[in-house]
Amino acid sequence: MSSIKIIDSSRRFGKRRRRRYTRLAGLLCLLVGLGLLLRCLPAGDEPAQGRTAIHAKDDAMSRQSGVFAEWYDEHQEHLLQLDRVWQSYLLIQRQFAAEEIGVEAAYGRLEELTAQMAETERDIRREKPPIELEGEAYDLTAVIYHRTADYAKGLRLMIQETSRAADNYCKAEEDVPQEVMSHRLREISVLLTPTALFTEKEVSRLRNLFMAERGQ
């Protein structure tokens, strides 16, 4: 009878040990699984952070591209105005050389053109490079801005000096042949014509810059 009790007791003890080992094995598996999960989380989060950074960079470059495009639209309007002023100046010179207009008429139109050119120059200088642009984009835009402003100043000074010379002829006591006066006015334009305005290189570089950054 006692031997049977001993056997029963050992069975119960064996079952308790197996349950304990099972619980320990389960706990160990859980701990190992949590460890692996914690190790994997940072690695799994890095691509998401990388994608977020790339999207943020693309958005920033897209905004800069839009800012430049808006500024450049206004800049092109200024270029058209500069061309209109230049064409008006050449027309006055041609008409005066052909004696289609007298010196008084030439002076009056040159004075009006000087005032128009001064206003155009002020408009150009007000449209400074947007502060939203960064790095090379800002530097290239600044080159375009300063080069255009310098050209506008040169064009204004040329028209202004031509107008002043015409005014002096209007006030002169002696008669001066119109051919002589026309030669002098053309001479002023040759001496003071501003250096040609070239910004294609900078504009092309800006376009390539925005396209390259978006493609990355």
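Visitor: Which residue forms a salt bridge with Arg-125?

Guide: In this predicted model, the closest N and O atoms of the pair are 3.1 Å apart, which is within the 4 Å allowed for a salt bridge. Both residues lie in helix H2 (residues 103–126), four residues apart, and are therefore separated by about one helical turn. The partner of Arg-125 is Glu-121.

Visitor: Is Glu-121 buried or partly exposed?

Guide: Its partner Arg-125 has a relative accessible area of 31% and is partly exposed. Glu-121 has a relative accessibility of 8%, and the cut-off for burial is under 20%. Glu-121 therefore counts as buried.

Visitor: Which helices does the salt bridge between Arg-205 and Glu-136 tie together?

Guide: The closest N and O atoms of Arg-205 and Glu-136 are 2.8 Å apart. The pair ties together parts that are 69 residues apart in sequence, because Arg-205 lies in H5 (residues 200–215) and Glu-136 in H3. Arg-205 is partly exposed at 36% relative accessibility, and Glu-136 is partly exposed at 35%. The helices tied together are H5 and H3.

Visitor: In which helix do Glu-187 and Arg-184 lie?

Guide: The side chains of Glu-187 and Arg-184 meet in a salt bridge, with an N to O distance of 2.6 Å. Glu-187 is partly exposed, with a relative accessible area of 34%, and Arg-184 is partly exposed, with a relative accessible area of 34%. The two residues are three apart, about one turn of the helix, and both lie in helix H4.

Visitor: Which residues are joined into one network by salt bridges that share partners?

Guide: By the distance rule, the count comes to eight salt bridges. Salt bridges that share partners make one network of Glu-121, Arg-125 and Arg-156.

Visitor: How are H3 and H4 oriented to each other, roughly parallel or roughly antiparallel?

Guide: Helix H3 (residues 135–171) and helix H4 (residues 178–192) pack at about 160°, with their axes 9 Å apart. Their crossing is right-handed. Angles over 145 degrees count as roughly antiparallel, and H3 and H4 are therefore roughly antiparallel.

Visitor: How many nonpolar residues does the contact of H3 with H4 hold?

Guide: On the H3 side the contact includes Leu-157, Met-158, Ala-165 and Tyr-169, while H4 contributes residues including Val-180, Leu-185, Ile-188 and Leu-192. Among the other residues that meet here are Glu-161 in H3 and Arg-184 in H4. The contact holds three polar and two charged residues, and the nonpolar ones number ten.

Definitions and conventions:
Residues numbered from 1 in each chain as written. Predicted model: local features only at pLDDT ≥ 70, side-chain atom pairs only at ≥ 80, totals over all residues. Heavy atoms only, no water. Axes fitted to C-alpha atoms, helices over the stretch in contact; angles between N-to-C directions. Parallel < 35°, antiparallel > 145°, perpendicular 65-115°, else oblique. Left-handed = near helix turned anticlockwise from the far one by under 90°. Contact = heavy atoms within 4.5 Å. Nonpolar A, V, L, I, M, F, W, Y, C, P; charged D, E, K, R; others polar. Buried < 20%, exposed > 50% of the residue type's maximum accessible area, 1.4 Å probe, protein only.
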